[in-house]
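Below are my comments on the model you sent, set out as numbered points. I begin with the overall fold and confidence and then turn to particular elements.

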Amino acid sequence: MMKLLSLSSLALISALMPIQPALAADAITVTLNSTNNSNTSGTATLTPEGNKTKVVIQVQGAPAGAVQPVHFHKGTCANLDPKPVYPLQDIKNGTSTTVVAVEMSKLTATPHTVNVHKSAADMK
């Protein structure tokens, strides 16, 4: 269900492959794995909220006081569109919660990738 991309500028990355929740109201959780020796890992939980999707990201292992930009990209790790499509709230104290203006069924119908960057200064 997940593939990793190894880009030196990314602290953490996980791919959301097309997922078919059992029921429309079901939340899904994907694992975010550490890359590039970041020692940071976590989860992204997507919950449908009508025509929007609530995205809760929780990470462990980030440097103390870190503020980490995070967003969705279209595609898989092997075929990643470099332009972010859905910005998410920065991760602060290991957590980010955002409601994005896209139905979960549309978001999960095609592959998307969650990128968590090391910092705003390191967005390469």
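1. Helices and strands are taken here as DSSP runs, of at least four residues for a helix and at least two for a strand, and they are numbered from the N terminus. On that basis the protein chain of this predicted model contains one helix and eight strands, and their order along the sequence reads β-β-β-β-β-β-β-α-β.

2. Confidence should be considered before any detail is discussed. The mean pLDDT of the protein chain is 79, and 79% of the residues reach at least 70. Among the elements, strand E7 (residues 95-100) has the highest mean, at 96, whereas strand E1 (residues 10-16) has the lowest, at 42.

3. The N-terminal stretch deserves a separate remark, since pLDDT stays under 50 throughout residues 1-24. The model nevertheless has 86 contacts beyond four places in sequence for these residues, and I would ask that the text report this count together with the pLDDT.

4. For the chain as a whole, 41% of the 124 residues are buried, and the accessible surface comes to about 6,500 Å², with carbon and sulfur atoms contributing 52% of it. Of the contacts with a separation of 6 or more, 58% are between residues 24 or more positions apart.

5. Which residues have the most contacts inside the largest nonpolar core? This core has 18 residues, and those in question are Leu 46, Val 55, Ile 57, Val 70, Phe 72, Leu 88 and Val 114. Two or more core residues come from each of strands E2 (28-34), E3 (41-49), E4 (52-60), E5, E6 and E8 (112-117), and also from helix H1 (104-109). As general background, nonpolar side chains in soluble globular proteins tend to be buried together.

6. Strands E5 (residues 67-75) and E6 (residues 80-92) run antiparallel and are joined by seven bridges. The two strands form a hairpin, with four residues between them, and in this pairing Val 67 of E5 stands opposite Lys 92 of E6.

7. Is Thr 40, in the loop between E2 and E3, buried or exposed? Thr 40 counts as buried because its relative accessibility is 2%, where the cut-off for a buried residue is under 20%. The side chain of Thr 40 also reaches the backbone oxygen of Gly 61, at 3.4 Å, so that a description of this loop residue could give both its burial and its contact with Gly 61.

How values were computed
Residues are numbered from 1 along each chain as its sequence is written. This is a predicted model: local features need pLDDT of at least 70, side-chain atom pairs count only at pLDDT 80 or more; totals for chains, interfaces and linings use all residues. Side-chain values use heavy atoms; hydrogens and water are left out. Two strands pair if DSSP finds at least two bridges between them. pLDDT is the predictor's confidence in each residue, from 0 to 100. Contact means heavy atoms within 4.5 Å. A nonpolar core is a set of buried Ala, Val, Leu, Ile, Met, Phe, Trp, Tyr and Cys residues joined through side-chain atoms within 4.5 Å. Buried means under 20% relative accessible area, exposed over 50%, partly exposed in between (1.4 Å probe, protein chains only). A polar contact is a pair of N or O atoms within 3.5 Å; within protein, one must be able to donate a hydrogen and the other to accept it, and residues adjacent in sequence count only if both atoms are side-chain atoms. Accessible areas come from the Shrake-Rupley method with a 1.4 Å probe; for residues, only the protein chains shown count as cover.
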